[in-house]
Structure formats: C-alpha cells, structure tokens
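Biologist: I would like to learn how to read a structure like this one, feature by feature. Please take me through it.

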Amino acid sequence: MLSQKTRYAIRAMQHLADCYGQQTVPLSEIAAKQNIPPKFLTVILSELTRFGIVESQRGKAGGYRLSIPPVDITYGDLIRVMRGSLALVPCASRHAHECCKNCVEEHECRTRALMLQVRDRTAELLDGVRLSDPIALEPSFAPAEEAGT
Ligand code: SF4
C-alpha cells in the first residue's frame, strides 16, 4: 500500500499540475484544497524540490510550481521519487524488500511469484499514466465494507 506521504505527494502534484502555466501556488492553498497538514506538506514539497520536479519561489507572491510539464511526469515516476512501494507484500518490493517472520524460501513461494507479477503490472499501468491525463472517477465505486471485500 502507498504510504500516507506518497499519497499526499500525489495530491500535491495533481494540484500543481492543474495550475501548471499559471503563477506559483502558495503552500497554504495546496494544504487547504488537498487537505494535507501544512507541516507535512512543507517536508514533501522540499523533497520534490530537491528531486527537481518542483520549484519554489520566495517572497510575497511565493509558492510552488512544477518545473517539468505534467505531460512529462508519470505516476510511476512520482511514486518512485517518493520511494513508494508498488508491491502488495514487502517481499515483492524492489526498494523496500523484507521477508515475513515465518517466511518459506522466497524462490519456492508461489504467493511471492504472483505478487511480483502484480507489482510489475501495476508499475506498467502507472508508467503509462501522466499527471496531465484525465482520470475517470468511478461513480459506482463502493467502499470495501459495502462491496463485501
Ligand atoms: S512467505 Fe512468501 S509471500 Fe510471504 S514473505 Fe515469504 S516469500 Fe514473501
């Protein structure tokens, strides 16, 4: 599952992508519109700035903007930059590999083999969607409890 930090980073980047080509966006606006705690957002935006995909401007009209057009940033890039794991189980993660306590031999584990495929297909999908792409909202989406999952 994506960490809270990665999910906040995605929302902040979506907001900046929506404002791309306009003036810089104040941190307070991103925090309020995306419901992100401002202190946490400051840390996230400074990381994204360090990675060179966001730039900041100081002063009265200060704020943040994307330094790369949203069409050139995929969701896969963004999640990798935030070191988010795409794997459903830690042993299938490329960046945050961990074994479980009662692990069987990894190379004999069918669960892991399947989860590696899930991770690769997830990465493939996320690498094909750009920050500039419209994403259809699923109106019939039901919360897990209602859907019985
Ligand atoms: S038991 Fe299988 S799925 Fe669980 S951590 Fe070990 S290799 Fe991964």
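Modeller: Let us begin with the surroundings of the ligand: by class, the shell holds seven nonpolar, one polar and two charged residues. Please keep in mind throughout that this is a predicted model.

Biologist: Which residues are around the ligand?

Modeller: They are Val 89, Cys 91, Cys 99, Cys 100, Cys 103, Val 104, Glu 106, Cys 109, Thr 111 and Arg 112. Cysteine and valine count as nonpolar, whereas glutamate and arginine count as charged. With that in hand you can match the names to the classes yourself.

Biologist: Let me step back to the whole chain. What pattern does the chain follow along the sequence?

Modeller: Reading along the sequence gives α-α-α-β-β-α-α-α, which comes to six helices and two strands. The C-alpha trace spans about 60 × 35 × 25 Å along its principal axes. Burial can be read for the chain too: of its 149 residues, 19% count as buried.

Biologist: And how do I read the contacts of the chain by their separation in sequence?

Modeller: Take the contacts with a separation of 6 or more, and ask what share joins residues 24 or more positions apart. For this chain that share is 59%.

Biologist: Next, helix packing. At what angle do helix 1 and helix 2 pack?

Modeller: Helix 1, residues 4-18, and helix 2, residues 27-34, pack at about 115 degrees, and their axes are 10 Å apart. The crossing is right-handed. On the helix 1 side the contact uses Arg 11, Ala 12 and His 15, which meet Ile 30, Lys 33 and Gln 34 of helix 2. By class, that contact is made of two nonpolar, two polar and two charged residues.

Biologist: What is the general idea behind a nonpolar core?

Modeller: In soluble globular proteins, nonpolar side chains tend to be buried together. Here the largest nonpolar core has 25 residues, and those touching the most other members are Ala 9, Ala 12, Leu 16, Leu 41, Ile 44, Leu 45 and Leu 78. Two or more residues come from each of helix 1, helix 2, helix 3 (38-50), strand 2 (63-66) and helix 4 (75-81). Helix 1 gives the most, with five residues.

Biologist: Which residues is Ala 9 in contact with, leaving aside its neighbours within four places in sequence?

Modeller: Ala 9 is in contact with Ile 44, Leu 48, Leu 78 and Met 82.

Biologist: How do I decide whether a residue is buried or exposed?

Modeller: Count the other C-beta atoms within 10 Å: 20 or more means buried, 12 or fewer means exposed, and in between is partly exposed. Tyr 64, in strand 2, is buried because it has 25 such neighbours inside 10 Å. Beyond four places in sequence, Tyr 64 is in contact with Leu 16, Thr 24, Val 25, Leu 27, Leu 45, Val 54 and Ser 56. The C-alpha atoms of Tyr 64 and Val 54 are 6.7 Å apart, with their positions 10 residues apart along the chain.

Biologist: Why does Arg 65 count as partly exposed?

Modeller: Arg 65 also belongs to strand 2, but it has 16 other C-beta atoms within 10 Å, so it is partly exposed. With neighbours within four places set aside, its contacts are Leu 16, Thr 24, Val 25 and Glu 55.

Biologist: And where does Ile 68 lie?

Modeller: Ile 68 is in the loop between strand 2 and helix 4. It is partly exposed because 14 C-beta neighbours lie inside 10 Å. Outside its neighbours within four places, Ile 68 is in contact with Ile 53 and Ile 73.

Biologist: I have not yet seen an exposed case.

Modeller: Lys 39, in helix 3, is exposed because it has 9 C-beta neighbours inside 10 Å. The C-alpha atoms of Lys 39 and Thr 74 are separated by 26 Å, the two residues being 35 apart along the chain.

Biologist: Last topic: what should I look for in the backbone angles?

Modeller: Most residues other than glycine have a negative phi. Asn 35 has a positive phi of about 55 degrees although it is not a glycine. Asn 35 sits in the loop between helix 2 and helix 3, and it counts as exposed because it has 9 C-beta neighbours inside 10 Å.

Terms used: Residues numbered from 1 in each chain as written. Predicted model: local features only at pLDDT ≥ 70, side-chain atom pairs only at ≥ 80, totals over all residues. Axes fitted to C-alpha atoms, helices over the stretch in contact; angles between N-to-C directions. Helix = DSSP H or I, 4+ residues; strand = E, 2+ residues; numbered from the N terminus. Left-handed = near helix turned anticlockwise from the far one by under 90°. Contact = placed C-beta atoms within 7 Å. Near = placed C-beta within 6 Å. Core = buried A, V, L, I, M, F, W, Y, C linked by C-beta atoms within 7 Å.
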